[in-house]
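Please look through the structure below with the following paragraphs beside it. They begin with one residue and then move outward to its partners, to a helix, to a pocket and to a strand.

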Amino acid sequence: GINAEYGVRDMPRTKKASKTGKRKIETKSDDKRRKKRKIEEKLASSLPPKKEPSSLRENFESRLESARFRWINEQLYKNTSTEAQKLFVEDPKLFRVYHQGFKQQIDKWPVNPLDLFIQELNKENAELIVADFGCGEAKLAQSVPQKVHSFDLVAVNEFVTACNIQKVPLESSSVDVVVFCLSLMGKDLVSFLKEGHRVLKMGGEMKIAEVGSRFDKNQVKTRFISLMKDMGFKLMNEVDSSPRVFVLFYFKKVGSISRINDKFFLNPCVYKKR
């Protein structure tokens, strides 16, 4: 029953107590949620940031650049240096596309043969004069103490002299070292070697680095060494810088050019679509 004296007044007090209890329950529940949220935030901050997937446009542009690089590379191997020069004169942007794609290829190699030549020259006499045929961005000239004449079809910076390397602006017998690092491209590569012979002093060194696969078929390496002998060079050393990737040749100029096969060429280096 209801207490006549207190019942009427007690009912509101009971209702008030109920609201207070509900607030206490809600406060405890909020505290738990806040603690859980803090733990989740702490865990999230300790994880590495998620990489955003590349956009469809970026992916398409990357594939397009790769396709253009492969096409340019094919033209450089299939045509003469004169035709390659004409290609870059008509569209200078192609040279940038080619060397950007070439850089991406370098990143995949176990070793860059140019770095090996740089290491060697850094240990040699700083008074030597060097000619870099097909220099690209002239990394060699910027990495060694010697005076380096850098030549390529397009001058991408102040270190490069733009010219066709079958005829460079140097006096005969004026350099101590000639470098061909992955630059014996095209159907007229023999003319590059003849020009290298012309500017090289008697007793001078010619360093050549090429992709190993270019010598795989039909005894190409034997015929190449024979060609160099007919051009007045003696093979001093041959090094496989990395199995089946690159071959390094070190020749010494010991005589004049005799009979040579101007039509000799190496197997082209074709980059596969990925």
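**A lysine and its surroundings**

K207 is buried, with a relative accessible area of 1%, in a model that is predicted. This lysine belongs to strand β5, which covers residues 200–211. Leaving aside residues up to four places away in sequence, K207 touches F117, E120, L121, E124, V177, V178, V179, F180, F249 and Y250.

Two of the residues just named, E120 and E124, also pair with the lysine through salt bridges. Side chains of opposite charge can pair when their charged atoms come close. In the salt bridge between K207 and E120, the closest N and O atoms are 2.8 Å apart. Because K207 sits in strand β5 while E120 sits in helix α5 (residues 113–122), this pair ties together parts that are 87 residues apart in sequence. The side chains of K207 and E120 are also joined by a polar contact of 2.8 Å. E120, at 23% relative accessibility, counts as partly exposed.

In the salt bridge between K207 and E124, the closest N and O atoms are 3.6 Å apart. This pair, too, links distant parts of the chain, with K207 in strand β5 and E124 in the loop between α5 and β1 (129–133), 83 residues apart. E124 counts as partly exposed, at 29% relative accessibility.

A further salt bridge joins R198 and E195, whose closest N and O atoms are 2.8 Å apart. Both residues lie within helix α6 (residues 189–199), three residues apart, which is about one turn of the helix. R198 is partly exposed, with a relative accessible area of 22%, whereas E195 counts as buried at 5%. Returning to the lysine, salt bridges that share partners join E120, E124, E205 and K207 into one network. The count of salt bridges comes to eleven.

Open space can be considered next. The second largest pocket holds about 640 Å³ of space, and it is lined by 32 residues, of which H99, G134, C135, G136 and D152 lie nearest its centre. The elements that give two or more residues to this lining are α3 (81–90) and α4 (93–106), and the largest share, six residues, comes from α4. By class, the lining has 17 nonpolar, ten polar and five charged residues.

Finally, V239 lies in strand β6 (residues 233–242) and is partly exposed, with a relative accessible area of 30%. Apart from residues up to four places away in sequence, V239 touches F246, V247, L248 and Y250. The C-alpha atoms of V239 and Y250, eleven residues apart along the chain, are separated by 8.6 Å, and Y250 is also one of the residues that K207 touches.

Note on methods:
Residues are numbered from 1 along each chain as its sequence is written. This is a predicted model: local features need pLDDT of at least 70, side-chain atom pairs count only at pLDDT 80 or more; totals for chains, interfaces and linings use all residues. Side-chain values use heavy atoms; hydrogens and water are left out. Helices (H or I, at least four residues) and strands (E, at least two) are DSSP runs, numbered from the N terminus. Buried means under 20% relative accessible area, exposed over 50%, partly exposed in between (1.4 Å probe, protein chains only). A polar contact is a pair of N or O atoms within 3.5 Å; within protein, one must be able to donate a hydrogen and the other to accept it, and residues adjacent in sequence count only if both atoms are side-chain atoms. Contact means heavy atoms within 4.5 Å. On a 1 Å grid over the protein atoms alone, a cavity is a set of points where a 1.4 Å probe fits but cannot get out, and a pocket is an open set with protein on both sides within 12 Å along at least five of seven lines; lining residues have an atom within 4 Å of a point. Grid points are joined across faces, edges and corners, and a volume is the space filled by probe spheres set on the points. Ala, Val, Leu, Ile, Met, Phe, Trp, Tyr, Cys and Pro count as nonpolar, Asp, Glu, Lys and Arg as charged, and the others, Gly among them, as polar. A salt bridge is a side-chain nitrogen of Lys or Arg within 4 Å of a carboxyl oxygen of Asp or Glu.
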